[in-house]
Amino acid sequence: MNSFLYRKTILTKTKLSVLVIMFFAPLSIVISQNQPNIVWVVCEDISPYIGAYGDATVRTPNIDALAQEGVRFTRVYTTAGVCAPSRSSIITGMNQISIGTSHMRTKNRPSLMPEGVPSHSAVLPKNVKAFPEYLRKVGYYTTNNAKEDYQFEEPVTVWDESSVAASYQNRAPGQPFYSVFNFAISHESQVISPPDSLHHQPDDMVLPLYYENTAQMRHDKAALYTRIEQMDSDVGELITQLKEDGVYDSSYVIFYSDHGGNLPWMKREVLERGLHIPFIVKYPNGTNAGTVNNDLISSIDFAPSMLSIAGAEIPGYLQGKAFLGPSKSQEKNRYVFAGRDRMADKYDRVRSVSDGTFRYVYNFHPEVSKYQDLAYRKQMASMKEIIEMRDAGTITNPYLLDWFKAPKPQEELYYTAKDPDEVHNLADEPSYRKKKEELKQVLFEWLEDVGDMSEIPEKEMVVEHWWNGKNEPPLTKNPKIKKNREGVALSCDTEGASIGYRIFDGPPADTTISRPIHTWGFYWLFRDGDKKTIEVPKPWTVYSGGTIPLKKGQTIQVNAHRIGYRPNETTYRSN
């Protein structure tokens, strides 16, 4: 089907859909064309290796053009240097150490989990939601294409659709949307499996100070730059589509990486190279085009900022500050925080704080080296070479040798503005004692304030605290359906449960929709065959209270789910 016929078909279907939405939606949900659209363009595993950020080697014309049409933020940091903990904090607006999502990762094959720790969906505090649910409550159509990796199974209330076919194109006419597109080509795996041909000569690569200057290390950096340029081309395709659909000018288009990385001793670290990311915001109608913002921003600030853009109420429990939209905070961050815990089956506990000029790092387990022996990372050719050189005693770079030393220093202090590679530890320098003590005090006051769940052994946290000593998570209580003259009202006795519902003319049937696949994520990278479509669940409506009208013979299907618990469903047919 050509794009015109496809869009015409979608419009025909969505005209009918909006009538259904308008009839059945609670009065608290109002579709407003005045609410701006929001598009997230999320790449993986890169530091600001982008032309717009001053990298003279990499070629990123599409992202550079976005920066010219928007605002280039220079000091944005994630809360973790690896995807799942970082993504959990982004989607909740809560630092991962405070909600138990800091171990990489919680949902995995048993063989990849530490002994005695079950694969699990983190049980979040009862008031904590994935923020797109709040956007849906104020009328937004929310889509994710397609990576989640939040450390928990999200309720049906979070996304209208999360799949390799998800798109704003499927919304009702005039409905504001929040759409996430994930680009996988720059992921660590795509340097482990490098491109067949490189866009750059390895000998032209300039390496950080903490590497041996070898041909293999230069090759892998050239592979990374090639992947970034391929990602930039993919970003260009999406922007072209946004323009063809007539939504580019009226939307916030936000480009960023889910954390830094992705070469050895970059990803997973709570240092500049693991946390500092590119972040560009193209405002609606070209506002603020071509400007630069140097504010210190954390990825936990993303959630309140999106709610501010949408005009939604910002919950008081969120740990971040809005830096966009009408509810933008007047208070700016003085510090940003990060943590590293278990990676695969290797435990460590590291916390860091940055004021944008200096970084302080506290190692709770100095007895183990900074290096974690991870099988996944050792698939990368340059990582294999580093290990071989270590074992042969041929590493001559003292900074690289420091990676493997045990014990490691309990405290680290880096003058990041002058030492961006963070190779000169100033923690024992008398002239920097005052700065070290300032940042140490700030860090430990923050830990006390937000709470650090990694103080609890992971198995105890999951089995004893979350699962009440049982071998499976609790079950969300059965949702209640109360009939009244106009329809039904819904409730659930499990505190913190989200409630979603779907209405059918008769018994529940046809609960899926066939969608055309269009993605730049891992599905595209590892596609099997020429499959063109996918079956996705029909969206659930978020219940926000009040009465839901039901006609005679209609059936309402209700899903209640507290994050980390098992969901529960029930149905009711109106007579």
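Trainee: What makes Lys 221 count as a charge over the face of Tyr 49?

Mentor: In this predicted model, Lys 221 lies over the face of Tyr 49 at 5.3 Å from the ring centre. The cut-off for the distance from NZ of Lys to the ring centre is 6 Å, so the value of 5.3 Å satisfies the distance criterion.

Trainee: Which residue lies over the face of Tyr 53?

Mentor: Arg 72 does, at 5.4 Å from the ring centre. For Arg the distance is taken from CZ, again with a limit of 6 Å.

Trainee: Why is the aromatic pair of Phe 131 and Tyr 178 called tilted?

Mentor: The structure holds 35 aromatic pairs. In the pair of Phe 131 and Tyr 178, the centres are 5.6 Å apart and the planes meet at 50°. Centres within 6.5 Å make a pair, and an angle that is neither under 30 degrees nor over 60 counts as tilted; therefore 5.6 Å and 50° give a tilted pair.

Trainee: Where in the chain do Phe 131 and Tyr 178 lie?

Mentor: Phe 131 is in the loop between helix 4 (96–99) and helix 5 (132–137), while Tyr 178 is in strand 5 (residues 177–183). The two are 47 residues apart, and the pair links distant parts of the chain. Both residues also belong to a cluster linked by ring pairs, whose members include Trp 40, Phe 73 and Trp 159.

Trainee: How do you know whether Phe 131 is buried or exposed?

Mentor: Its relative accessible area is 1%, and buried means under 20%, so Phe 131 is buried. Tyr 178, with 0%, is buried by that criterion.

Trainee: What are the burial classes of Phe 358 and Tyr 432?

Mentor: The rings of Phe 358 and Tyr 432 form a tilted pair, with centres 5.9 Å apart and planes at 55°. Phe 358 has a relative accessible area of 9% and is buried. Tyr 432 has 24%; this value lies between the limits of 20% and 50%, so Tyr 432 is partly exposed.

Trainee: Why are the buried residues of helix 2 said to line one face?

Mentor: In helix 2 (residues 61–68), Ile 63, Leu 66 and Ala 67 are buried. Seen down the helix axis, the buried residues fall within an arc of 100°, so they line one face. In general, an α-helix has 3.6 residues a turn, so residues three or four places apart point the same way. The face turned away from the buried side of helix 2 carries the exposed residues Pro 61 and Gln 68.

Trainee: What covers the buried residues of helix 2?

Mentor: The covering elements include strand 2 (71–77), helix 7 (215–244), strand 6 (251–257) and strand 7 (276–282).

Notes:
Residues are numbered from 1 along each chain as its sequence is written. This is a predicted model: local features need pLDDT of at least 70, side-chain atom pairs count only at pLDDT 80 or more; totals for chains, interfaces and linings use all residues. Side-chain values use heavy atoms; hydrogens and water are left out. Rings of Phe, Tyr and Trp (its six-membered ring) pair if their centres lie within 6.5 Å; planes under 30 degrees apart count as stacked, over 60 as edge-to-face and the rest as tilted. Helices (H or I, at least four residues) and strands (E, at least two) are DSSP runs, numbered from the N terminus. Buried means under 20% relative accessible area, exposed over 50%, partly exposed in between (1.4 Å probe, protein chains only). A charge sits over a ring if NZ of Lys or CZ of Arg is within 6 Å of the ring centre and within 35 degrees of the ring normal. The arc is that of the directions from the helix axis to the C-beta atoms. Contact means heavy atoms within 4.5 Å.
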